[in-house]
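Please look through the sequence and the model below before reading on. The text then goes from single residues to the chain as a whole.

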Amino acid sequence: MKNEFKIISHLLPVRSRILDVGCGDGTLIESLIKQKDIDARGIELEESKVKKCIFKGLSVIQGNAETELNQFPNKAFDFVILSQTLQAFYRPENVLNELLRIGKKVIIS
């Protein structure tokens with residue numbers, strides 16, 4: 001596991017409810033579920049990565065975080081994680097505002 005993922009894992013209490021934005025192939029979600037019994041969801045833009053997540057049995061939807069985070073209710077998650085994704089956004093301020101709305105806390109790396 002990447003050092004970054006180890007640090008994120010240490011920040012999360014057991015059985016937290018998290019959303020991983022730009023979750024890729026689900027590596028972080030998978031490790032958090034195993035290590036900390038995390039209730040994890042993900043959103044990922046690339047269809048091939050979403051398929052990998054679903055194949056692993058992870059709860060991930062395909063979507064664009066810049067335009068589709070509005071589907072999540074306010075404070076729906078204990079933590080929202082944005083790992084190695086911020087630089088990909090055209091309007092990062094809007095995305096950050098959405099993350100703060102849907103999560104009680106936000107972790108950005």
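Ile43 has contacts spread over several parts of the chain: leaving aside neighbours within four places in sequence, Ile43 is in contact with Leu19, Asp20, Val21, Gly22, Cys23, Val60, Ile61, Gly63, Asn64, Leu69, Gln71 and Phe72. This is a predicted model, and the contacts are to be read as such. Ile43 belongs to strand β2. Its relative accessible area is 1%, so Ile43 is classed as buried, the limit for that class being under 20%. Sequence separation and distance in space can be set side by side here: Ser31 is 12 residues from Ile43 along the chain, and the two C-alpha atoms are 16 Å apart.

A second buried strand residue is Ile81. Ile81 sits in strand β4, which covers residues 77–82. With a relative accessibility of 0%, Ile81 counts as buried. Beyond four places in sequence, Ile81 is in contact with Ile8, Leu12, Ile18, Leu19, Asp20, Val21, Leu28, Leu32 and Ile107. Leu19, Asp20 and Val21 are also among the contacts of Ile43. The C-alpha atom of Ile81 is 5.9 Å from that of Val106, although 25 residues separate the two along the chain.

Among the contacts of Ile81 are Ile8, Leu28 and Leu32, and these three residues also take part in the meeting of two helices. Helix α1 spans residues 3–11 and helix α2 spans residues 27–36; their axes come within 11 Å and cross at roughly 45 degrees. That angle makes α1 oblique to α2, because the oblique class takes in angles that are not roughly parallel, antiparallel or perpendicular. The crossing of the two helices is right-handed. On the α1 side the residues in contact are Phe5, Ile8, Ser9 and His10, and on the α2 side they are Thr27, Leu28, Leu32, Gln35 and Lys36. Sorted by class, this contact holds four nonpolar, four polar and one charged residues.

Is Ser9, a residue of this contact, buried or exposed? Ser9 is in helix α1, and its relative accessible area of 5% means that it is buried. Apart from neighbours within four places in sequence, Ser9 is in contact with Leu32, Gln35 and Lys36.

The loops that follow these two helices each hold a residue with a positive phi. Most residues other than glycine have a negative phi. Arg15 has a phi near 60 degrees, a positive value in a residue that is not glycine. Arg15 is in the loop between α1 and β1, the latter being residues 17–21. Its relative accessibility is 60%, so Arg15 counts as exposed. In the loop between α2 and β2 (39–44) the residue to look at is Asp37. Phi of Asp37 is near 55 degrees, again positive in a residue other than glycine. At 46% relative accessibility, Asp37 is partly exposed.

Pro13 lies in the loop between α1 and β1, the loop that also holds Arg15. Pro13 has a relative accessibility of 44% and therefore counts as partly exposed. Which residues does Pro13 touch, not counting those up to four places away in sequence? They are Ile38 and Phe79. Gln84 is 71 residues from Pro13 in sequence, and the C-alpha atoms of the two are 22 Å apart.

Towards the C terminus, Leu96 is placed in helix α5, residues 92–102. Its relative accessibility is 26%, so Leu96 is partly exposed. Between the C-alpha atoms of Leu96 and Ile108 there are 9.4 Å, with 12 residues of separation along the chain.

The chain as a whole remains. It has five helices and five strands, and from the N terminus on they run α-β-α-β-α-β-α-β-α-β. Of the contacts with a separation of 6 or more, 59% are between residues 24 or more positions apart. Buried residues account for 42% of the 109 residues. Along the principal axes, the C-alpha atoms fill a box of roughly 35 × 30 × 25 Å. A compact globule of 109 residues would have a radius of gyration near 13 Å, and the chain agrees with this because its own value is 13 Å.

Definitions and conventions. Residues numbered from 1 in each chain as written. Predicted model: local features only at pLDDT ≥ 70, side-chain atom pairs only at ≥ 80, totals over all residues. Heavy atoms only, no water. Axes fitted to C-alpha atoms, helices over the stretch in contact; angles between N-to-C directions. Helix = DSSP H or I, 4+ residues; strand = E, 2+ residues; numbered from the N terminus. Parallel < 35°, antiparallel > 145°, perpendicular 65-115°, else oblique. Left-handed = near helix turned anticlockwise from the far one by under 90°. Contact = heavy atoms within 4.5 Å. Nonpolar A, V, L, I, M, F, W, Y, C, P; charged D, E, K, R; others polar. Rg over C-alpha atoms; globule rule 2.2 N^0.38 Å. Buried < 20%, exposed > 50% of the residue type's maximum accessible area, 1.4 Å probe, protein only.
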